[in-house]
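Thanks for making the time this morning. I would like to walk you through one model, going from the chain as a whole to a few individual residues.

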Amino acid sequence: MHRLGVDSGPVLRALTVAGTLQSRVTAQVRGDFVTGDAVNDWIRGMAYAADLPNWQDITAHGLRRGGAQEIADAGGDPTK
């Protein structure tokens, strides 16, 4: 992202075939930008490659939520 001159905004971005950033504003069809399903596919692919049990049930949201839930279950405040 740094090489493309981007220092703010979403981390995961779609690229054009030329290697430039694809804009969600100009995206006309599905596939021109990174979808939540694509992120889940990447996460599941890494879980499968790591030979994790139940890899097909792992989601990006679950990874984000999991740490906060563990903190809350231990009596802490996950917002701090």
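**An aromatic pair, and what surrounds it**

Let me begin with Trp55, which at 32% relative accessibility counts as partly exposed, where buried means under 20% relative accessible area, exposed means over 50%, and partly exposed is what lies in between, all with a 1.4 Å probe and protein chains only. Before going further, I should say that this is a predicted model, in which local features need pLDDT of at least 70 and side-chain atom pairs count only at pLDDT 80 or more, while totals for chains, interfaces and linings use all residues. Residues are numbered from 1 along each chain as its sequence is written, and side-chain values use heavy atoms, with hydrogens and water left out.

Which residue pairs with Trp55? The structure holds one aromatic pair, and Tyr48 and Trp55 form it in an edge-to-face arrangement, with 4.9 Å centre to centre and 70° between the planes. The rule here is that rings of Phe, Tyr and Trp (for Trp, its six-membered ring) pair if their centres lie within 6.5 Å, and that planes under 30 degrees apart count as stacked, those over 60 as edge-to-face and the rest as tilted. Tyr48 itself is exposed, at 53% relative accessibility.

Stepping back to the whole chain, the secondary structure comes to two helices and zero strands, where helices (H or I, at least four residues) and strands (E, at least two) are DSSP runs numbered from the N terminus. Buried residues make up 14% of the 80 residues. The accessible surface comes to about 6500 Å², of which 56% belongs to carbon and sulfur atoms; these areas come from the Shrake-Rupley method with a 1.4 Å probe, and for residues only the protein chains shown count as cover. Among contacts (heavy atoms within 4.5 Å) between residues at least 6 apart in sequence, 4% join residues at least 24 apart.

Now to helix α1, where I would look at two residues. Val39 lies in this helix and is buried, at 17% relative accessibility; not counting residues up to four places away in sequence, Val39 touches Leu12, Val34 and Ala60. The C-alpha atoms of Val39 and His61, which are 22 residues apart along the chain, are separated by 9.7 Å. Asn40, also found in helix α1, counts as buried at 16% relative accessibility, and, leaving aside neighbours within four places in sequence, Asn40 is in contact with Thr59, Ala60 and His61. What lies 2.8 Å from a polar atom of the side chain of Asn40? That is the backbone nitrogen of Ala60.

Leu12, which we met as a neighbour of Val39, is found in the segment before α1 (36–49) and is partly exposed, with a relative accessible area of 43%. Together with Trp42 and Met46, Leu12 makes a nonpolar surface patch of about 330 Å². In the same segment before α1 lies Leu4, partly exposed at 42% relative accessibility. Leu4 and Leu21 are 17 residues apart in sequence and 7.8 Å apart in space, C-alpha to C-alpha, and, leaving aside neighbours within four places in sequence, Leu4 is in contact with Leu15, Gly19 and Leu21.

Lastly, the loop between α1 and α2 (60–73), which is the place of Asp51. Asp51 has a positive phi of about 60° although it is not a glycine, and Asp51 is exposed, with a relative accessible area of 66%. Asn54 is also placed in the loop between α1 and α2, and its phi is near 55°, again a positive value in a residue other than glycine.

Key. Patch = residues over 30% accessible without salt bridge, like charges linked within 9 Å, V, L, I, M, F, W, Y side chains within 5 Å. Salt bridge = Lys/Arg side-chain N within 4 Å of Asp/Glu carboxyl O. Polar contact = N/O pair within 3.5 Å; in protein donor to acceptor, adjacent residues only side chain to side chain.
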